[in-house]
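Thank you for making time this morning. I would like to walk through one structure with you, beginning with a sheet and the helix that crosses it, and then moving on to the rest of the chain.

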Amino acid sequence: MAHPQTPIYHIAIFLLPSLPPTLSRTVNYLSLENVSKTYGEKVLFSGLSLQINKGQKVALVAKNGTGKTTLLRVLAGKEAPEGENASVWVYKGARMGYLEQEPEFWEQGSVLDAVFESDTEITRIIKQYEALIHQPEADAAALQQVLTRMDDLKVWDFEARVRELLTRFNLKDWSQPVATLSGGQRKRLALVRLILSEPEVLILDEPTNHLDLDMIEWLEEWLAQPNLTLFMVTHDRYFLERVCNTILELDQGRLFKYAGNYSDFLEKKALREENESVVLDKNRKLLRQELEWMRRMPQARTTKAKARIDAFYELEDKVSVKREPTEIQIDIKGQRLGKKVLELHNVSKKFGDKVVLQPFSYKFQRQERIGIVGPNGVGKSTFLRLLTGDIRPDTGKVVQGDNTIFGYYTQEGLQLPEDKRVIDVILDIAEYIPLEKGQKLTAAQLLERFLFNRKQQLVYVSQLSGGEKRRLYLLTILMRNPNFLILDEPTNDLDVISLNVLEEFLFEFPGCIIIVSHDRFFLDKLAQHLFIFEGEGRIRDFNGDYTAFRELQKEQERAQRRQERNEQQKIKEAQKPLQQGGLSQEEKKELQRLEKDIAKLESRKKEIEASFTQQDVLTPAKIEELGRELVDLQKQIALKEERWVELADRA
């Protein structure tokens, strides 16, 4: 029997009795069938079909310019699907949330107005309340009814939630007009609005862009909730690793499905390409044999001969498909760095009363890889501009080596000539880069290494996607053959394939690299140590990668919480009358047993919840059995935790 669904472009509703969440069968929450999309002569994809079940976390991986955002817009109902019998469906009654790359708002409204644009029962009752209290003669009975409903919905808790989220996403001026917000602020505001709408199905287009690392980690935990169904495009590979349980790859207009996270995807993709390579070799051998037969031009045009001719042309099409390289190996010679690379001597900077850099000294070494992390607005970009001499320090001096040549990738530098072809943009800078052993890497070859094939090199810049333009802008910097690269958020809008290519290039780069990035995977792979911007102009040099830094930071936070609890406990103990003193010996043993029991129950609960993400291998009877066990586990945990709290308070 069909699952209950509401189509976006066709009406067909089937009703089934609802089941408790723990007993619900596999439900198709979102699907599309036979969907195609073209722009002019360019076919993005043709005849695509997919299904997303309740609770699935699905990510779409593909090169920039292949139609990822378009596919998301079709799923979200923003664009109509093309193709015969094409359709898009969403589960009846499911609340959907869609995060666009460039969110839309009422431009005359404030940040707070934008938050309440979400259409939920809470926002509707708040608007009703606002309308009533602004009436000259408000209906007291109606107002009381609204206030009662607000209490039922815990609207006052919602207000606290709004404050928490706006603060967390660094939107502190709630009266600021939306029209004055930067692109990053608009993206963060759209995320806050989306989270407050409490969606069940999420369609997200690059949700981590313009977020700092703390925001990204918070969002990662929020998206991992088992009750959320997710379909997203992201270049954040830790999201793919820790949140997603299914990855779809859009490659040459076809969808390939991989069960599992990012590690599983890499393994299974490599296996698929290896199998395809074997099949391709066999087809090429067969094609040579068939080509000899075709050249003899058989005179007898029998039905059998015509079928063989048709099969030949079909085989020729299969063999002619070219697979573009996803890895690069370039032995770049690079400009020689001298003994003195770059030195900072007691450099400081402030703007007005705001200190962005306290006196800081450092001597950069050859082939050093430094990652820079810290929240937005603490002076990271100012620090980079001090290094390159774009701005002068208030105190101290910056000494640049005689042979040091900067290549500076900035967010503001993306200004490419729209009326030029891709190859001409690179040729205007240089015709080649010198390699080791006297060899050369031509402009066309460099473009190919970074996934611009010969056909794409003849395309005008105006026809490129946002991610392709960023990739081209990066190549304009690399083509100048610098020996000291400064990369300020180079991963924004780059697809996963492009990121892998960039990482391999940087891994072999013979000069110095400074990276400012919110991409944790990128930092872990490339940075040897970190400059931690702690605020108020303080910089700490951390000898390790980002994951090691976060683990240390989390352990320090846990230690601080333990210390605070201990201090609070000491205060409580001091305030207790002596005759009320602690637990008996039996109660102490009971407290220890409870802690062990709760840990075992929680572990079993997680096992059951994890099994629900593999619904394809569970029978309805098994789902029902696990659901009953989960309900029983939750009751046991609640009872034991209640007793534990009672004993812990007395202890």
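Let me begin with strand S11 (residues 342-351), which pairs with S14 in the antiparallel sense over five bridges; helices (H or I, at least four residues) and strands (E, at least two) are DSSP runs, numbered from the N terminus, and two strands pair if DSSP finds at least two bridges between them. Within that pairing, Leu344 has Val398 of S14 as its bridge partner.

Before going further, I should say that this is a predicted model, in which local features need pLDDT of at least 70 and side-chain atom pairs count only at pLDDT 80 or more, while totals for chains, interfaces and linings use all residues. Residues are numbered from 1 along each chain as its sequence is written, and side-chain values use heavy atoms, with hydrogens and water left out.

Strands S11 and S14 belong to an open, antiparallel sheet of three strands in the order S12-S11-S14. Strand S12 (354-364) and strand S14 (395-400) are at its edges with a single partner strand each, so one side of each has no neighbour in the sheet. From one strand to the next, the twist averages 20°; axes here are lines fitted to C-alpha atoms, for helices over the stretch in contact, and angles run from 0 to 180 degrees between N-to-C directions.

Helix H11 lies across S11, S12 and S14, and runs at about 130° to S11, where contact means heavy atoms within 4.5 Å. This helix, residues 380-388, is mostly covered, with seven of its nine residues buried, among them Phe383, Leu384 and Leu387. Buried means under 20% relative accessible area, exposed over 50%, and partly exposed in between, with a 1.4 Å probe and protein chains only. After H11 comes Gly389, which has a positive phi near 85°.

The second sheet is also open, but it has six strands in the order S15-S18-S19-S13-S20-S21, with mixed pairing. Its edge strands, each pairing on one side only, are S15 (406-409) and S21 (538-542), and the twist averages 15° from one strand to the next. Strand S20 (residues 529-535) runs antiparallel to S21, to which five bridges join it, and Phe531 stands opposite Asp541 in S21. Helix H14 lies across S15 and strand S18 (484-488), running at about 165° to S15.

What lies in the loop between helix H13 (443-449) and helix H14 (466-478)? One residue there is Gln456, and this residue counts as buried because its relative accessible area is 19%. The side chain of Gln456 makes a polar contact with the side chain of Glu468, at 3.4 Å; such a contact is a pair of N or O atoms within 3.5 Å, where, within protein, one must be able to donate a hydrogen and the other to accept it, and residues adjacent in sequence count only if both atoms are side-chain atoms. Leaving aside neighbours within four places in sequence, Gln456 is in contact with Lys63, Val422, Leu451 and Glu468.

How many disulfides does the structure hold? The count is zero, a disulfide being a pair of cysteine sulfur atoms within 2.5 Å. Cys244 is buried at 5% relative accessibility, and Cys512 is buried at 1%.

To finish with the whole chain, its secondary structure comes to 19 helices and 21 strands, and buried residues make up 46% of its 651 residues.
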